[in-house]
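Trainee: I'm new to this structure. Could you take me through one part of it closely, starting with the bend in a helix?

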Amino acid sequence: LYESGGQFFPSACDRTLFGLICGQVTFIGYCIIRKGNYQPFFLAPLPFITLFFIYQFKKHYRYPSRCLGLTRAAQIDKINSIESRERFKKDAYRQPV
């Protein structure tokens, strides 16, 4: 009834990663204020690495998910369900007595 098809997920990831960058910059600033000698130099690449992962997320997940049709998604799910049935063992889990 309230299914959105995962449309909120990319914006939630972007906002979470933006918050991570804000936290990293804040921590670098805190280290500078507390007169950290080496810490800011080692922490400085972190926001750039996070920006790189934001770019990778958009490239590999956000844009393809907009173009993935329902028919193709159903085919992928069918293939994955067949593969998972082949790997599943019926006696792998037993209910507790």
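Mentor: Happily! Helix α3 bends by about 35 degrees at K58, where the bend is the angle between axes fitted to the seven residues ending there and the seven starting there. This is a predicted model, in which local features need pLDDT of at least 70, side-chain atom pairs count only at pLDDT 80 or more, and totals for chains, interfaces and linings use all residues. Residues are numbered from 1 along each chain as its sequence is written, and side-chain values use heavy atoms, leaving out hydrogens and water.

Helices here are DSSP runs (H or I, at least four residues), numbered from the N terminus. Within α3, the residues P47, T50, I54, Q56, F57 and R62 are buried, meaning under 20% relative accessible area with a 1.4 Å probe, protein chains only. Their cover includes α1 and α2 (39–43).

Now look at how α1 meets α3. They pack at an angle of about 170 degrees, with their axes 9 Å apart; axes are lines fitted to C-alpha atoms over the stretch in contact, and angles run from 0 to 180 degrees between N-to-C directions. That makes α1 roughly antiparallel to α3, a term for angles over 145 degrees. Among the residues making the contact (heavy atoms within 4.5 Å) are L17, Q24 and I28 of α1 and T50, I54 and K58 of α3.

Q24 of α1 is worth a pause: Q24 is buried, with a relative accessible area of 14%. The side chains of Q24 and T50 make a polar contact (3.2 Å), that is, a pair of N or O atoms within 3.5 Å, one able to donate a hydrogen and the other to accept it.

Note on methods
Buried < 20%, exposed > 50% of the residue type's maximum accessible area, 1.4 Å probe, protein only. Helix = DSSP H or I, 4+ residues; strand = E, 2+ residues; numbered from the N terminus. Parallel < 35°, antiparallel > 145°, perpendicular 65-115°, else oblique.
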